[in-house]
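Load the model and keep the selection tool at hand. The stops below go from the whole chain to a single side chain.

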Amino acid sequence: LAYAVLGLGDSNLLLDRQTTKAKDCNQVAQKLDRRLTALGAVSICERGEADDRTGNTEIEPWLLVLHETLKATCSPPKHGLPDCACGCALINRPRIRAPNKRGP
């Protein structure tokens, strides 16, 4: 199994908001990543950890890395159809975009 993990945390929910960062509010993503690895799965890119308090600015760069990784590892469809079983025909046009930072 190949996988990628993106944690979506919110350090606003933590008691010490002055010193917390994305890594502090993404324990579930960290635990999932460790467990998948322990079970023999292979991560295709570094785990991403976003923080809602900072506007989730970590998402877009992580998505770009994931997109490039998928482009490099997924061969183009050979059957001439617009989609193939792995979805690689969709790799050249990513549809996922990080939401804009919320207003006050």
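Begin with the cartoon of the whole chain: two helices and four strands make up the secondary structure of this predicted model. Traced from the N terminus, the elements follow the order β-β-α-β-β-α.

Stay with the full selection and switch to a surface. The accessible surface of the protein chain is about 7500 Å², and carbon and sulfur atoms hold 58% of that. Of the 104 residues in the chain, 32% are buried. If you draw a contact map, counting contacts with a separation of 6 or more, 61% of them join residues 24 or more positions apart.

Next, select C45, A50, I59, W62, L63 and L66 and show side chains. These six residues form the largest nonpolar core. Which helix gives the most to this core? Helix α2, residues 59–73, does, with four residues. Another core, of five residues, lies apart from it; select Y3, V5, A29 and A41, which are among its members. In soluble globular proteins, nonpolar side chains tend to be buried together.

Return to helix α2 and pick T69, which lies in it. Leaving aside residues up to four places away in sequence, what does T69 touch? The contacts are I44 and C45. C45 is also a member of the largest nonpolar core. Put a distance label between the C-alpha atoms of T69 and C45: it should read 7.1 Å, for residues 24 apart along the chain.

For the last stop, add V65. Its backbone oxygen is 2.9 Å from a polar atom of the T69 side chain.

Key: Residues numbered from 1 in each chain as written. Predicted model: local features only at pLDDT ≥ 70, side-chain atom pairs only at ≥ 80, totals over all residues. Heavy atoms only, no water. Core = buried A, V, L, I, M, F, W, Y, C linked by side-chain atoms within 4.5 Å. Buried < 20%, exposed > 50% of the residue type's maximum accessible area, 1.4 Å probe, protein only. Contact = heavy atoms within 4.5 Å. Polar contact = N/O pair within 3.5 Å; in protein donor to acceptor, adjacent residues only side chain to side chain. Areas by Shrake-Rupley, 256 points an atom, 1.4 Å probe, with all protein chains shown as cover.
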